[in-house]
Amino acid sequence: MNLDQISRHGQKNKGDWIKVGMSTCGIAAGADKVLETLIKEKQERKIDILIEKCGCSGMCHAEPLVEVCVKGMPTVVYGRVDEETAIKIIDKHALGKYLLNDHIYNIKVN
Ligand code: FES
(Lines give C-alpha, C1' and ligand atoms only; values in the text may rest on other atoms or scores of the structure.)
Protein backbone atom coordinates (compact mmCIF):
# COMPACT_ATOMS: atom_id res chain seq x y z
CA MET A 1 0.00 0.00 0.00
CA ASN A 2 1.52 3.37 -0.98
CA LEU A 3 1.01 6.67 0.86
CA ASP A 4 -1.93 7.76 -1.35
CA GLN A 5 -3.71 4.50 -0.67
CA ILE A 6 -3.03 4.81 3.07
CA SER A 7 -4.40 8.37 3.02
CA ARG A 8 -7.54 7.32 1.12
CA HIS A 9 -8.01 4.39 3.50
CA GLY A 10 -7.83 6.83 6.45
CA GLN A 11 -10.43 9.10 4.84
CA LYS A 12 -12.69 6.13 4.23
CA ASN A 13 -12.48 5.35 7.95
CA LYS A 14 -13.98 8.72 8.92
CA GLY A 15 -17.51 7.35 8.50
CA ASP A 16 -19.28 4.72 10.58
CA TRP A 17 -17.44 1.44 11.04
CA ILE A 18 -17.56 -1.98 12.66
CA LYS A 19 -14.45 -4.02 13.46
CA VAL A 20 -14.55 -7.73 14.19
CA GLY A 21 -11.70 -9.30 16.16
CA MET A 22 -10.27 -12.10 14.05
CA SER A 23 -7.52 -13.35 16.35
CA THR A 24 -7.23 -17.12 16.75
CA CYS A 25 -9.34 -17.09 19.90
CA GLY A 26 -11.97 -14.94 18.14
CA ILE A 27 -12.18 -17.34 15.22
CA ALA A 28 -12.38 -20.30 17.61
CA ALA A 29 -15.31 -18.58 19.34
CA GLY A 30 -17.17 -17.96 16.06
CA ALA A 31 -15.93 -14.54 14.85
CA ASP A 32 -15.96 -15.70 11.22
CA LYS A 33 -19.73 -16.35 11.39
CA VAL A 34 -20.27 -12.99 13.11
CA LEU A 35 -18.28 -11.22 10.37
CA GLU A 36 -20.24 -13.06 7.65
CA THR A 37 -23.55 -12.08 9.29
CA LEU A 38 -22.57 -8.40 9.58
CA ILE A 39 -21.45 -8.25 5.94
CA LYS A 40 -24.64 -10.01 4.78
CA GLU A 41 -26.86 -7.59 6.76
CA LYS A 42 -24.91 -4.59 5.44
CA GLN A 43 -25.28 -5.76 1.83
CA GLU A 44 -28.95 -6.79 2.06
CA ARG A 45 -29.99 -3.54 3.73
CA LYS A 46 -27.56 -1.36 1.74
CA ILE A 47 -26.14 0.25 4.91
CA ASP A 48 -23.27 2.72 4.48
CA ILE A 49 -20.91 1.34 7.12
CA LEU A 50 -17.36 -0.01 6.83
CA ILE A 51 -16.93 -3.54 8.18
CA GLU A 52 -13.35 -4.65 8.79
CA LYS A 53 -11.37 -7.39 10.47
CA CYS A 54 -8.97 -6.48 13.28
CA GLY A 55 -6.53 -8.35 15.47
CA CYS A 56 -6.04 -9.28 19.07
CA SER A 57 -7.41 -7.02 21.79
CA GLY A 58 -6.21 -9.09 24.72
CA MET A 59 -9.70 -10.08 25.86
CA CYS A 60 -9.89 -13.74 24.84
CA HIS A 61 -12.54 -14.39 27.49
CA ALA A 62 -14.97 -12.05 25.72
CA GLU A 63 -14.55 -13.22 22.11
CA PRO A 64 -16.03 -12.79 19.59
CA LEU A 65 -15.49 -9.05 20.03
CA VAL A 66 -17.12 -6.42 17.81
CA GLU A 67 -16.23 -2.71 18.05
CA VAL A 68 -18.79 -0.28 16.69
CA CYS A 69 -18.32 3.42 15.87
CA VAL A 70 -21.43 5.22 14.64
CA LYS A 71 -21.75 9.00 14.38
CA GLY A 72 -23.41 10.50 17.45
CA MET A 73 -22.78 7.41 19.59
CA PRO A 74 -19.91 6.39 21.87
CA THR A 75 -17.55 3.80 20.40
CA VAL A 76 -18.55 0.49 21.98
CA VAL A 77 -16.83 -2.88 22.22
CA TYR A 78 -19.37 -5.69 22.37
CA GLY A 79 -18.27 -9.11 23.58
CA ARG A 80 -19.57 -12.67 23.32
CA VAL A 81 -21.25 -11.72 20.08
CA ASP A 82 -23.02 -14.46 18.15
CA GLU A 83 -24.90 -14.23 14.85
CA GLU A 84 -28.15 -13.18 16.58
CA THR A 85 -26.34 -10.42 18.48
CA ALA A 86 -24.61 -9.30 15.26
CA ILE A 87 -28.04 -8.68 13.71
CA LYS A 88 -29.04 -6.74 16.85
CA ILE A 89 -25.89 -4.62 16.53
CA ILE A 90 -27.01 -3.62 13.04
CA ASP A 91 -30.68 -3.15 14.04
CA LYS A 92 -30.30 -1.43 17.37
CA HIS A 93 -26.86 0.23 17.45
CA ALA A 94 -26.04 1.09 13.82
CA LEU A 95 -29.58 1.91 12.68
CA GLY A 96 -31.59 2.48 15.89
CA LYS A 97 -28.84 4.44 17.70
CA TYR A 98 -29.12 2.74 21.06
CA LEU A 99 -26.83 0.39 22.97
CA LEU A 100 -27.10 -3.36 23.55
CA ASN A 101 -26.53 -3.29 27.31
CA ASP A 102 -26.14 -7.08 27.70
CA HIS A 103 -22.98 -7.30 25.58
CA ILE A 104 -21.00 -4.12 26.37
CA TYR A 105 -17.37 -4.75 27.41
CA ASN A 106 -16.00 -1.24 26.89
CA ILE A 107 -17.25 2.21 25.96
CA LYS A 108 -15.05 5.01 24.61
CA VAL A 109 -16.64 8.44 24.62
CA ASN A 110 -15.67 10.10 21.31
S1 FES B 1 -5.19 -14.10 21.80
FE2 FES B 1 -7.23 -13.79 22.43
S3 FES B 1 -7.53 -11.70 22.35
FE4 FES B 1 -5.46 -11.97 21.80
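## A first residue to place

Is Lys 97 buried, partly exposed or exposed? Lys 97 counts as partly exposed, because its relative accessibility is 39%. In this predicted model, Lys 97 sits in the loop between α4 (83–95) and β5 (104–108). Its backbone also deserves a look, and a later section returns to it.

## The chain as a whole

The protein chain has four helices and five strands. Along the sequence, these elements follow the pattern α-β-α-α-β-β-β-α-β. The chain has 110 residues, and buried residues make up 38% of them.

## Strand β1 and its partners

Start with strand β1, residues 17–21. Four of the five residues of β1 are buried, so the strand is largely enclosed by the rest of the structure. β1 pairs with β2 and with β3. Five bridges join β1 to β2, and these two strands run parallel. Four bridges join β1 to β3, and here the strands are antiparallel.

Ile 18 shows both pairings. In β2, Ile 18 stands opposite Ile 51. In β3, the bridge partner of Ile 18 is Val 68.

## Strand β3 and the hairpin

Which residues of β3 are buried on its two faces? Val 66 and Val 68 are buried on one side. Glu 67 and Cys 69 are buried on the other. Both faces of β3 are therefore covered, since buried means under 20% relative accessible area.

β3 also pairs with strand β4, residues 75–78. The two are antiparallel and share three bridges. Val 68 has Val 76 as its bridge partner in β4. Val 68 is also the bridge partner of Ile 18.

β3 and β4 form a hairpin, with five residues between them. Gly 72 lies in that turn and has a positive phi of about 85 degrees.

## Unusual backbone points

Most residues other than glycine have a negative phi, and most peptide bonds are trans. Three places in this chain depart from that pattern.

One is Lys 46, in the loop between α3 and β2. Lys 46 is not a glycine, yet it has a positive phi of about 55 degrees. Lys 46 counts as exposed because its relative accessibility is 73%. Another is Lys 97, with a positive phi near 60 degrees. Lys 97 is likewise not a glycine, and it counts as partly exposed.

Where is the cis peptide bond? The cis bond runs from Glu 63 to Pro 64, with omega near -5 degrees. Pro 64 is in the loop between β2 (50–54) and β3 (66–69).

## A negative patch on the surface

Which residues form the negative surface patch? The patch is made of Asp 32, Glu 36, Asp 82 and Glu 83. Asp 32 lies in helix α3, which covers residues 31–45. Asp 32 counts as partly exposed, because its relative accessibility is 35%.

## Summing up

Strand β1 bridges to β2 in parallel and to β3 in the antiparallel sense. β3 in turn pairs with β4, and the two form a hairpin. Away from these strands, Lys 46 and Lys 97 are found in loops. The negative patch includes Asp 32, a residue of helix α3.

How values were computed
Residues are numbered from 1 along each chain as its sequence is written. This is a predicted model: local features need pLDDT of at least 70, side-chain atom pairs count only at pLDDT 80 or more; totals for chains, interfaces and linings use all residues. Side-chain values use heavy atoms; hydrogens and water are left out. Patches are made of residues with over 30% relative accessible area and no salt bridge: like charges are joined within 9 Å, nonpolar side chains (Val, Leu, Ile, Met, Phe, Trp, Tyr) within 5 Å. Accessible areas come from the Shrake-Rupley method with a 1.4 Å probe; for residues, only the protein chains shown count as cover. A salt bridge is a side-chain nitrogen of Lys or Arg within 4 Å of a carboxyl oxygen of Asp or Glu. Lys and Arg count as positive and Asp and Glu as negative; His and the chain ends are not counted. The place of a charge is taken as NZ of Lys, CZ of Arg, CG of Asp or CD of Glu. Buried means under 20% relative accessible area, exposed over 50%, partly exposed in between (1.4 Å probe, protein chains only). Two strands pair if DSSP finds at least two bridges between them.
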